[in-house]
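Me: I'm new to this structure and would like a close look at one part of it. Could you walk me through a single strand and its partners, and then show me what lies around it?

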Number of protein chains: 2
Amino acid sequence: MPDELSIYPRPSVTIDCVVFGYDGEQLSILLLNRRDEPFANQWTLPGGFLHLEETFEEAAQRILKDKTGIENLFLEQLYTFGGLSRDPRGRVLSVAYYALVNPAKYQLMVGQMANELRWFNWKQLPSLGFDHAQIAQLAQARLAAKIQYQPIGFELLNAQFTMSELQALHECILGETLDRRNFHKRMMASGLLRSTGERREGLKSRPAELFEFIP
Amino acid sequence: MPDELSIYPRPSVTIDCVVFGYDGEQLSILLLNRRDEPFANQWTLPGGFLHLEETFEEAAQRILKDKTGIENLFLEQLYTFGGLSRDPRGRVLSVAYYALVNPAKYQLMVGQMANELRWFNWKQLPSLGFDHAQIAQLAQARLAAKIQYQPIGFELLNAQFTMSELQALHECILGETLDRRNFHKRMMASGLLRSTGERREGLKSRPAELFEFIP
DNA sequence: GCAAAAGTGTTAATCATACACCCATGT
DNA sequence: ACATGGGTGTATGATTAACACTTTTGC
C-alpha cells in the first residue's frame, strides 16, 4: 500500500487553553498579549503547537507551563476548531481545552513569546485575536452547563472551602444569585462533599464549616 | 518573525464518523471492512484524511459520500482523539463526528478502499481496528445523554412518524423501556412535535397518528 | 370475535422553590 | 451591644413516575 500519511498535506495543530480563574469574588480568564505576528500586541488565549511526541493533555500542560508558569492543572477537552481562515498563516486547527483554577495558587510567569499576561474579569474581556472570543464563549457556556449537574471545579478551589465560597463560585459561573439554604441542601444531597469538621476562623463573623470534595 | 508553521512537524488529521442507523427496530452502526493496511480486513469506522481546503464538516460529508454513498447527513462533533499510538503509521489525530440516520433512506455504495460495508447491530459489534471501539462507545454515550433533554434525531427519522416509532428509537438508544403514556406526555410537552392529522394505516392494528418535528 | 397496537387520565412520590429567624464570632 | 456572615426547616408548587382499560383496525 502507499504510505497514505505522506500523500496528504497536513494541517498545523495547536492547543489553546481557556483558563478560568476564580479568586473567591469574580470569574476571570487568563489572556496573553502576543509579542509576534499574527495578532501582535493583541490579547489571545495561551496556546501553542502540538508536538508529535506528546498527547493533547501533555501539550496543554507544557504550553501553559512555558507561557504562563501554571503547572499541573485539571484540563478538559472543549472542542476542536477547524475554520479555514482562523489563522492567517495557513490551515491551523485548534484543539481547545479548558480549566478552572484558583489564581492565588499560581505565580504567573510571562513566557518568551508574550508581552504580558493578565487575568481579565470575565465581564470585561478585551477583543481577542484569532477566533479566540468564540472559543472562550463556548468554554464559559460549557462550564455553566456542566456545573448544573456536576459540581465540577471543586478540585480547583482550595482543598477545603466553605459553603459560601462554593456558592459564590456557582453564582459567578451561572451569572445569577442562588438561595443559600437550597444550595446547601443540593450540594449535600449530591453526596460529593463532606464536612471536614474544621472551621474557617479569624474572620469578623461566625466561623464557617469547611467542606471537602469526596474522591 | 519565523514562519512558525514550518518549524514544527505536523500530525496527520483524519475525520472518523460514527453513523448510527435506526430502522424502526434496532440501533445499528455503519462499519467498513478495510481493504488495506493497517487493519486490513478488519472493521473500522468510515473515516479519511482531512484535506487542507475543507472544513471538518465538509470532509466528513465527502468521506461518507465516497466511502459509503451516504450524502448530506446531519453531523455533530464528538471529540478529538490524539493518542500517540492510535495509528501504526505515525501520529494521526482523529476528529470524530457522529450522526443518526434512517438506513432505509440510503443506498450503501462500497467505496474503492473497502472490502465491505455493513450495518451492525449495536449490541453485536465486531472488534474494531484503531481505537474505534472507544470512539463508538463515546458516541453512543453522547447520544444517550443528549436524547434525554433534547429529542434529537427527529430529522433523522422519516419526516412523519408515530409516537411508538419515536419511543422505540429512544428506548433503543437509552437501552431501557419507557412508559407509553409518560413518553407521550413528555414529548408533547416539549413543544417540538405536532400531529399532522394523518395516520399510518394498513397495518394489522389500529392506525396510529402521525407526528412531525416543528421547525 | 380475536389479536395487535393505539390512545388516554389519575394518583402518589419526588424534587425544586420560596422564605426568616437565631447563632457565633470580632470589634 | 452591635455588626457580620453562618447555619438551619417547612410549606407549597412543579415535575416525574407508576399504573390499566378501552378503541380501532386486520384477519
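Reply: Let's start with one pair of residues: Val13(B) stands opposite Leu93(B), which belongs to strand E6 of chain B. Please keep in mind that what you see is a predicted model. Val13(B) and Leu93(B) face each other where strand E1 (residues 12-22) of chain B runs parallel to E6(B), the two being joined by ten bridges. E6(B) also pairs with strand E5 (residues 76-81) of chain B, this time in the antiparallel sense and over five bridges. If you want a residue pair to look for there, Thr80(B) has Val95(B) of E6(B) as its bridge partner.

Now look at E6(B) itself, which spans residues 92-101. Ten of its ten residues are buried, so the strand is largely enclosed by the rest of the structure. In a regular strand, side chains alternate between the two faces of the sheet. You can follow both faces here: Val92(B), Ser94(B), Ala96(B), Tyr98(B) and Leu100(B) lie on one side, while Leu93(B), Val95(B), Tyr97(B), Ala99(B) and Val101(B) lie on the other, and all of them are buried.

From here it helps to step back to the two chains. Chain A can be laid on chain B by a turn of 179° and a shift of 0.1 Å along the axis, with an RMSD of 0.2 Å. The two copies are thus related as by a two-fold rotation axis. In chain A, the C-alpha nearest that axis belongs to Arg10(A), at 3.0 Å.

Where the chains meet, 28 residues of chain A are in contact with 28 residues of chain B. On chain A, helix H1 (4-7) and strands E1 (12-22), E5 (76-81) and E6 (92-101) each supply at least two residues of the side that touches chain B. The largest share, three residues, comes from E5(A). By class, that side of chain A has 14 nonpolar, eight polar and six charged residues. Because 100% of the interface residues of chain A are also interface residues in chain B, the copies meet through the same surface.

Chain B has another sheet worth visiting. Its three strands are ordered E8-E10-E9, in an open sheet with antiparallel pairing. E8 (160-162) and E9 (193-200) stand at the edges with a single partner strand each, so one side of each has no neighbour in the sheet. On average, neighbouring strands here are turned by 40° against each other, direction ignored. Three bridges join E8(B) to E10 (residues 208-213) of chain B, and one pair to find is Thr162(B) with its bridge partner Leu210(B). Helix H4 (residues 163-174) of chain B packs on this sheet, touching E8 and E10, and its direction makes about 80° with that of E8(B).

H4 and E10 of chain B also bring us to the DNA: together with H5 of chain B and H5 of chain A, they give two or more residues each to the surface near DNA strand C. Of the 21 residues around this DNA strand, Arg206(A), Ser164(B), Arg181(B), Ser205(B) and Glu209(B) come nearest. The surface near DNA strand C has three nonpolar, seven polar and eleven charged residues. DNA strand D is surrounded by 21 residues, with Arg181(A), Ser205(A), Arg206(A), Glu209(A) and Arg206(B) the closest.

Note on methods. Residues are numbered from 1 along each chain as its sequence is written. Chains are lettered from A and ligands numbered from 1 in the order in which they are written. This is a predicted model: local features need pLDDT of at least 70, side-chain atom pairs count only at pLDDT 80 or more; totals for chains, interfaces and linings use all residues. Two strands pair if DSSP finds at least two bridges between them. Helices (H or I, at least four residues) and strands (E, at least two) are DSSP runs, numbered from the N terminus. Axes are lines fitted to C-alpha atoms, for helices over the stretch in contact, and angles run from 0 to 180 degrees between N-to-C directions. Two residues are in contact if their C-beta atoms, placed from the backbone, lie within 7 Å. Copies are superposed by least squares on the C-alpha atoms of residues with pLDDT of at least 70 in both. Ala, Val, Leu, Ile, Met, Phe, Trp, Tyr, Cys and Pro count as nonpolar, Asp, Glu, Lys and Arg as charged, and the others, Gly among them, as polar. A residue is near a molecule or strand if its C-beta atom, placed from the backbone, lies within 6 Å of it. A residue is buried if 20 or more other C-beta atoms lie within 10 Å of its own, exposed if 12 or fewer, and partly exposed in between; C-beta atoms are placed from the backbone.
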